Amino acid sequence: ESDRHSEALDCITRYLGVGSYLQWDEAARVNWITNQLQSKRPLIRSGAWNDNGEIFTPTAVDTLETFKMISEQYDESLGAYVISQCTSASDIMAVLLLQRDAGVKKPLRVAPLFETLDDLNGAAATMDQLFSIPAYIGSLEGRKQEVMIGYSDSAKDAGRLAATWAQYEKQLELVEVAKKHSVDMTFFHGKGGTVGRGGNPNTFNGIVEHAPGTVNGQFRVTEQGEMINQNFGYADRAERTLDIYTAAVLAEQHTDRPLPNQEWKDVMDKLSEISCEAYRKIVRGDERFVPYFRAATPELELSKLNIGSRPAKRKASGGVESLRAIPWIFAWTQTRLNLPTWLGVGEAINQVLASEDEQTLRQMYNEWGSFRTTIDLVEMILSKSDSSIARHYEDVLVSDPAAVDLGSEIRKIHDGTEQAIKDLTGHKILAENDHLLLQLMAVRNPYVDCLNVLQAETLKRLRANENSDEEQVLNDALLTTITGVANGMGNTG
C-alpha cells in the first residue's frame, strides 16, 4: 500500500535530518524524489534501519527489508510492483526510488492501482503529472507504462453503476494522456471472477465491450481464488480459456463500437450521481447499516474461518470501509441478497425514466453495447437473488429493531430495482432471454434454499455458543453450507 512507502521515506528523511516526508506537500515530495533519482549517492546504508529502532518503525523496517529482498532475486523472477491506494505521482515515484536505493539491478515496472472513485477520477491528472517528470519518463523501458484499474474496491466505494462508468470514462482519459506523452499504456484489470467484483461470465463479450482504444491487443487481468481452478485447473480447460481470451483480444481490434455521444455521457453522469448517492446513503450514511450487515450476514464468521487468501480486513479495526472487497461481496452472496451489485441502480433508472431523458436511456440500452452489458449483468444477479431468503436470515439472526426496519427498507429497494430493470429491458421476468440460466436455477435453487436455512440456524447457534464444546462442529457445519451456497450461486459472489 502507498502509505507504507511514504512511512518508510518519512523515516529515512528524519534519519537524514532533512525533515519529515509525511509533512511535505505533493510538490515538495516530487521535487525531493526527483533530486534523489538524479543523484548517484545512496540514501541510506543497507541495514541501517535495524540499528536505529527509535527512528524506523516496524512498518518501515518491513518495507525496506522487502525492497532488499527484491534486489536479491534473479532478473525476470518478479513482474510488476503494484501500488494499492495510489493517489498521487509521488506514490509511484517513491517505489522507483526505494527500488533504486535497495540496489535492484533491473527495477520492476511500477503499476499504480486506482481503486476508489476518487482515485479513478484523479488518475488522468496523476499520470499526466508523472509523465511530465523527465526523471520518471526516462526510467520507463520502451516508454511502456502499466496501469491497474480496481473494479472490486471502486464498486464497494461508490456502487456498481457509478464505478462502472468511472472505469470506462477514466480509461479513455488515461489513453489520451498516454498518447500526449507518447507512452504505450497497458491496462491491468483488477477484476474478480464474479460480477460483484467486476467479472463477466461471458469472457468474450466482457473483453470486446471494453472502452474503444483501451485494449489494443494488450490485455492483463487478475485470476484468483477458485477462478484459477475453474479456468485453468485442467489442461483442456486452460487451453479453452486462453483460446477465448486470445479470440476476444483479437476481435476487439476489429469490432466497431460507438463511443458515447455527449447526450449519452450526460445521462450516464446523471445515473452515476443518483446511484452513488443512493448507495452511499445506506452503506455509509445510515448508522443502522453496519449492525444490520454484521448480524444478518456471516461477515464476522468468514474472517474467523480463514478461508480467504488474505485477511478479511486491511486493518484490524474499522467498519465496511476497511473490509476487503472479497468478503464484502461474499457475505451478501451467502444470504442471496447480493446487495453490492444492485444497490442504487434502481433509484437511478427510475429517476431517469421519469424525466425528459427517458427515450435517451432506452436508446442507450438498445444501441450501446457496454451499457447494455452492465444492465444485463445486474439483471442476471437479480434473477439469482431472493429477498425472501434474506428475510429469513433477518428473522433468525437480527434482534435490533432498528436493524430489522432497515432490512425491510432494503428489501423494498431490491424489489423496486427488479421492476426498474424490467421496465428498462422490456422483460416480463428477469433474465427471460437466458433460458439455460432459468433452467439451472429451477433445478438448483431448492437445494440452495435448504443450505441457506441450515446456515442461518448454524450462525444462530454459533453466536449463542462461542467458546463451547460445540463450536468446532458448528464451524465445520458453517463451512459446509458456505461452500454449498457459493457453488450454487456460481458467478455471483
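This text walks through the fold of one protein chain, from its overall shape to a few of its helices and aromatic rings.

The model is predicted. Start with the whole chain. Its secondary structure comes to 23 helices and 5 strands. The radius of gyration is 24 Å, close to the 23 Å that the globule rule gives for 493 residues, so the chain is as compact as a globular protein of that length. Along its principal axes, the C-alpha trace spans about 70 × 60 × 45 Å.

Next, look at packing. Buried residues account for 52% of the 493 in the chain. Take the contacts between residues at least 6 apart in sequence: 78% of these join residues at least 24 apart. On the outside, the chain exposes about 22600 Å². Carbon and sulfur atoms supply 50% of that area.

Now turn to helix α5, residues 117-131. Does its length fit its residue count, and what span should one expect? At 1.5 Å a residue, the 15 residues should span 21 Å. The end C-alpha atoms are 22 Å apart, which agrees. The helix has a kink, however, of about 45 degrees, centred on A123. A123 is also one of the buried residues of α5. Others buried in this helix include L117, L120, A124, M127 and F131. An α-helix has 3.6 residues a turn, so residues three or four places apart point the same way.

Further along the chain, T374 lies in helix α19, residues 369-384. Is T374 buried or exposed? The cut-off for buried is under 20% relative accessible area. T374 has 7% relative accessibility, so it counts as buried. Leaving aside neighbours within four places in sequence, T374 is in contact with L161 and T164.

The aromatic rings come last. The chain has 18 aromatic pairs. A pair of aromatic rings is described by the distance of the centres and the angle of the planes. Take W328 and W332. Their ring centres are 6.1 Å apart and their planes lie at 85 degrees, so the pair is edge-to-face. Both residues sit in helix α15, residues 325-334. They are 4 residues apart there, and therefore separated by about one helical turn. W328 is buried, at 1% relative accessibility. W332 is buried too, with a relative accessible area of 1%.

Which residues do ring pairs link into a cluster? They are W165, Y168, W264, W368 and F371.

Note on methods
Residues are numbered from 1 along each chain as its sequence is written. This is a predicted model: local features need pLDDT of at least 70, side-chain atom pairs count only at pLDDT 80 or more; totals for chains, interfaces and linings use all residues. Side-chain values use heavy atoms; hydrogens and water are left out. Helices (H or I, at least four residues) and strands (E, at least two) are DSSP runs, numbered from the N terminus. The expected span of a helix is 1.5 Å times one less than its number of residues. The bend at a residue is the angle between axes fitted to the seven residues ending there and the seven starting there. Buried means under 20% relative accessible area, exposed over 50%, partly exposed in between (1.4 Å probe, protein chains only). Contact means heavy atoms within 4.5 Å. The radius of gyration is taken over C-alpha atoms; the globule rule is 2.2 Å times the number of residues to the power 0.38. Accessible areas come from the Shrake-Rupley method with a 1.4 Å probe; for residues, only the protein chains shown count as cover. Rings of Phe, Tyr and Trp (its six-membered ring) pair if their centres lie within 6.5 Å; planes under 30 degrees apart count as stacked, over 60 as edge-to-face and the rest as tilted.
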